[in-house]
Structures are given as C-alpha cells and as structure tokens.
Amino acid sequence: MKLLLLAGTHGVEKQSSYFLDCFFDDYKEHFTAFTNTPLLEKLSISKLFGLEASDYEHNCKSIEKNQILESNQEATDEIIAIPVLNPTGLKNLSRTNSNKVDLNRNMPSKNWEYGKLKVDGEANPYYPGEFPKSELETQILTQIIEDHTIDLVVSFHTNHFVKNKNDAQINYDGKGKHKTWAENLAKLSNLPFTEDIGYPTPGSLGSYAKEQNFDCITVEFEDSDSEEQIYESYKNSFFESIKKLFEKDA
Ligand SMILES: [Zn+2]
C-alpha cells in the first residue's frame, strides 16, 4: 500500500498544512508499527523555491529535487507526506502559486482546460497555467505519484470560498478500489461522502486520478474552523482509518 498524504495545494487553506504536519509528526511512530518495510517521508519542497521551511514544516528535512524523486523499490508500504505543496502560496496566503497558477487546475489530465489569467479585470483564482503540468509543484507531484506507484492520495483542503460554495466533505475520485474506505472515513469523521464536488474541475488531481491507476480522496475541512479545532476533531478518525487501510492490504 503506497499512500501519499498531501496538503497546502492552496496556500490560503493553511489549516490543511497544519493538520498534515502535526498528524505526521504525532503518528509517525504508530505508522512505523503497522507498515511493512516502511518508508515514511515528510517532504519539504520550500527550499526549491528559495524559501525557508515555513512554520508548518518545523521539523522537515530539506530535500533537494533529486532526493525527492528517489524511490525505494524494495518498499511494499509507504506513507509519504507533503504538508505544503504550494510554499509560495502559503507564504502569501494565496490560493495560487507565485505564477498565479491554481495547482489543482494544472494537473495533466485530459480535461485540462485553457483559462485566462484575468477574468473581468480580476485575477482568475482558477488560472490553470499556460499548459498542463507547467508548474514545478505539479511536476514534482506527478513524478512522486509515478515513481512511487502511489495507490491512494489523500489530499487535504478547506472549503475556503472562491466562486463556488462547497460544503465540508470527503470526496472520492477513482475506479472504486478505495471507495468503501472513503465512505467509512466519512462516517467516522462525521463528514458527508460525495463523488461529485458539484462543479467542473478540469486539470484537478481528482480528474487526473480517474484516468491513472490511483484513487484520490479530497478532504474539505470547514474553513471557518481553526487549525487546532480541525486537528482535534479529525486526527483520531484519520489515524484509525489509515491503520485499517494497511491492515486490509496486508
Ligand atoms: Zn483547496
């Protein structure tokens, strides 16, 4: 079972990075206990952008690009965590990265769609970049998914309001393999389970997952909740669910 935990795709949704950073540190020992040939990594990509690791990456080792992409062929189980996919966005508390690209519209899925940088004179919050995978962040992400033959990505967000209102939820994209697991996670977390987020998401990680050989679960926490509230409310259900994921697979 190769699991990728991802957060901070949208810098403004900082609670997601806080959640994953704390979660990985607090449960790392437990993960080691239930994974075979465990490969546990928390990756910091801040240095690639000339930034110091943010407050949310307090204990990250800094990893150069070639190390990020290194995979352990021996590992049968892996848990990789990327608490901050968009370090420049987190620094500026913006949805997009420093090139004004929405990283969750820049994935190389077949439904990737061209979009303008500005709409009605205002910055387009969903600007997908000049072409699919134009951004370093999405290049790193797709490379990790491929190199590590990731089975499941759990991608943490908040429902920070942009143009389309969406509720806090657990959203599933994939071919069915981890659908029941996602439904159970939703039940345990007391969040609604959905398979359609309610609006088109061309070039999103979920769209990409549907075409590739992995599943993607997008977790939308309630944006008005504080980092601490979210962490306390959901850490147990996520830990228990992840534990089951590895038991079942073994
Ligand atoms: Zn988001």
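**Exercise 1. How many of the five residues of strand β8 (residues 169-173) are buried, and is the strand largely enclosed or not?**

Solution. Keep in mind that this is a predicted model.
- Step 1: go through the strand one side at a time. Gln-169, Asn-171 and Asp-173 point one way from β8.
- Step 2: Ile-170 and Tyr-172 point the other way, and these residues are buried just like those in step 1.
- Step 3: put the sides together. Five of the five residues are buried, so β8 is largely enclosed by the rest of the structure.

**Exercise 2. Find the strands that pair with β8, and say in which sense each one pairs.**

Solution. Take the partners in turn.
- Step 1: look at strand β10 (residues 215-221). It pairs with β8 in the antiparallel sense, over five bridges. For a landmark, pick Tyr-172, whose bridge partner in β10 is Ile-217.
- Step 2: now try strand β9 (residues 193-194). Here the pairing with β8 is parallel and has two bridges. Ile-170 is a handy landmark this time, with Phe-193 as its bridge partner in β9.
- Step 3: trace the path from β8 to β9. Helix α5 (residues 179-189) joins these two strands in a right-handed β-α-β unit.

**Exercise 3. Explore the largest nonpolar core: which residues touch the most other members?**

Solution. Start with the whole set, then zoom in.
- Step 1: the core has 50 residues, and the ones touching the most other members are Leu-4, Leu-5, Leu-6, Phe-19, Leu-20, Val-153 and Ile-217.
- Step 2: ask which element supplies the largest share. That's helix α7 (residues 227-249), with six residues.
- Step 3: zoom in on Phe-19. Leaving out residues up to four places away in sequence, Phe-19 touches Ala-7, Phe-156, Ile-230 and Tyr-231.
- Step 4: spot a familiar name. Ile-217, on the list in step 1, is also the β10 bridge partner of Tyr-172.

**Exercise 4. Locate Lys-116 and decide: buried or exposed?**

Solution.
- Step 1: find the loop between α3 (87-92) and β5 (118-119); Lys-116 sits there.
- Step 2: count neighbours. A residue is exposed if 12 or fewer other C-beta atoms lie within 10 Å of its own. Lys-116 has 11 C-beta neighbours inside 10 Å, so Lys-116 counts as exposed.
- Step 3: check a distance. Glu-130 is 14 residues apart from Lys-116 along the chain, and their C-alpha atoms are separated by 9.1 Å.

**Exercise 5. Sum up the protein chain: how many helices and strands are there?**

Solution.
- Step 1: the chain has seven helices and 10 strands.
- Step 2: of its 250 residues, 45% are buried.
- Step 3: take the contacts between residues at least 6 apart in sequence; 76% of them join residues at least 24 apart.

Note on methods: Residues numbered from 1 in each chain as written. Predicted model: local features only at pLDDT ≥ 70, side-chain atom pairs only at ≥ 80, totals over all residues. Core = buried A, V, L, I, M, F, W, Y, C linked by C-beta atoms within 7 Å. Buried ≥ 20, exposed ≤ 12 C-beta atoms within 10 Å, placed from the backbone. Helix = DSSP H or I, 4+ residues; strand = E, 2+ residues; numbered from the N terminus. Contact = placed C-beta atoms within 7 Å. Pairing = 2+ DSSP bridges. Right-handed = clockwise from strand over helix to strand, strands pointing away.
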